[in-house]
Amino acid sequence: MAGQLYSQTVMEHFRNPRNVGELADADAVGEATNPVCGDTTRLYLKVVAGRIADVRFQTLGCAAAIASSSMATEMMRGRTLEEALREVTRDTITAALGGLPAAKVHCSVLASDALEAAVADYHRRQSSGG
């Protein structure tokens, strides 16, 4: 049934998610939870020379939440924090996945919200000296 609801890209990122796990030396960590369904994404960023050099995620949620997080991490790598915030949005994540059912679009918001939280965490750490 999931194969009928989701694009091949969604299923590929769900079955073989990229960049899964914790990043021990992360420069920033952001987390977002959907209050309705309870899905949660934690995002870890390693920033080198102003760009996202490494990114990992941990998601507790449905296929769409996992696929959205996986795709989002692929889209973030190599971008500056500002580029990532501007270019890795719910709409661009959904488009890159080939679309999501209307009832699952909130999953792409989870990934972009975790990114916003991670960028805020990065700026907090920088302003406090690490």
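**Helix packing, core and salt bridges in a predicted model**

Helices H2 and H3 pack at an angle of about 90°, and their axes lie 8 Å apart. The model described here is predicted. An angle from 65 to 115 degrees counts as roughly perpendicular, so H2 and H3 are roughly perpendicular to each other. On the H2 side, the contact is made by Thr 9, Val 10, His 13 and Phe 14. On the H3 side, Ala 63, Ile 66, Ala 67, Ser 70, Met 71 and Glu 74 take part.

Ala 67 deserves a separate description. This residue belongs to helix H3. Its relative accessible area is 0%, and under 20% counts as buried, so Ala 67 is buried. Residues up to four places away in sequence aside, Ala 67 touches Val 10, His 13, Phe 14 and Leu 97. Val 10, His 13 and Phe 14 also appear on the H2 side of the helix contact. The C-alpha atoms of Ala 67 and Leu 115 are separated by 15 Å. Along the chain, these two residues are 48 residues apart.

The largest nonpolar core holds 34 residues. Within this core, Leu 43, Leu 45, Met 76 and Leu 115 touch the most other members. Several elements contribute. H2, E1, E2, strand E3 (51–60), H3, H4 and H6 each supply at least two residues of the core. The contacts of Leu 43 were listed without its neighbours within four places in sequence. They include Ala 28, Val 29 and Gly 30. Val 55, Arg 56 and Phe 57 are also in contact with Leu 43. The list is completed by Thr 73, Met 76, Ala 114, Leu 115 and Ala 118. Met 76 and Leu 115 are thus contacts of Leu 43, and both are also among the core residues that touch the most other members.

Helix H6 covers residues 106–127. At 1.5 Å a residue, its 22 residues should span 32 Å. The C-alpha atoms at its ends are 32 Å apart, so the expected span and the model agree. The buried residues of H6 include Cys 107, Ser 108, Leu 110, Ala 111, Ser 112 and Ala 114. Leu 115, Ala 118, Val 119, Asp 121 and Tyr 122 are buried as well. Strands E1 and E2 are part of what covers these buried residues. Helix H3 (63–76), helix H4 (81–87) and helix H5 (90–96) are also part of that cover. After H6 comes Gly 129, which has a positive phi near 85°.

Two residues that are not glycines also have a positive phi. Asn 19 has a phi of about 60°. Its place is the loop between H2 and E1. With a relative accessible area of 17%, Asn 19 is buried. Ala 49 has a phi of about 50°. This residue is found in the loop between E2 and E3. At 80% relative accessibility, Ala 49 is exposed.

Thr 80 is another loop residue, placed between H3 and H4. At 17% relative accessibility, Thr 80 is buried. Not counting residues up to four places away in sequence, Thr 80 touches Gly 50 and Arg 51.

Charged residues were examined next. Side chains of opposite charge can pair when their charged atoms come close. The model has twelve salt bridges. One of them joins Asp 25 and Lys 46, with the closest N and O atoms 3.8 Å apart. This pair links distant parts of the chain, 21 residues apart. Asp 25 sits in the loop between helix H2 (8–15) and strand E1 (28–33). Lys 46 sits in strand E2 (residues 40–48). Asp 25 is partly exposed at 45% relative accessibility. Lys 46 is partly exposed too, at 22%. Asp 25, Asp 27 and Lys 46 are linked in a network of salt bridges.

Glu 87 and Arg 79 form another salt bridge, with the closest N and O atoms 2.1 Å apart. Glu 87 is partly exposed, with a relative accessible area of 27%. Arg 79 is also partly exposed, at 23%. Arg 90 forms a salt bridge with Asp 91, the closest N and O atoms being 3.9 Å apart. Arg 90 is partly exposed at 42%, whereas Asp 91 is exposed at 57%.

Conventions: Residues are numbered from 1 along each chain as its sequence is written. This is a predicted model: local features need pLDDT of at least 70, side-chain atom pairs count only at pLDDT 80 or more; totals for chains, interfaces and linings use all residues. Side-chain values use heavy atoms; hydrogens and water are left out. A salt bridge is a side-chain nitrogen of Lys or Arg within 4 Å of a carboxyl oxygen of Asp or Glu. Helices (H or I, at least four residues) and strands (E, at least two) are DSSP runs, numbered from the N terminus. Buried means under 20% relative accessible area, exposed over 50%, partly exposed in between (1.4 Å probe, protein chains only). The expected span of a helix is 1.5 Å times one less than its number of residues. Contact means heavy atoms within 4.5 Å. A nonpolar core is a set of buried Ala, Val, Leu, Ile, Met, Phe, Trp, Tyr and Cys residues joined through side-chain atoms within 4.5 Å. Axes are lines fitted to C-alpha atoms, for helices over the stretch in contact, and angles run from 0 to 180 degrees between N-to-C directions. Angles under 35 degrees count as roughly parallel, over 145 as roughly antiparallel, 65 to 115 as roughly perpendicular and the rest as oblique.
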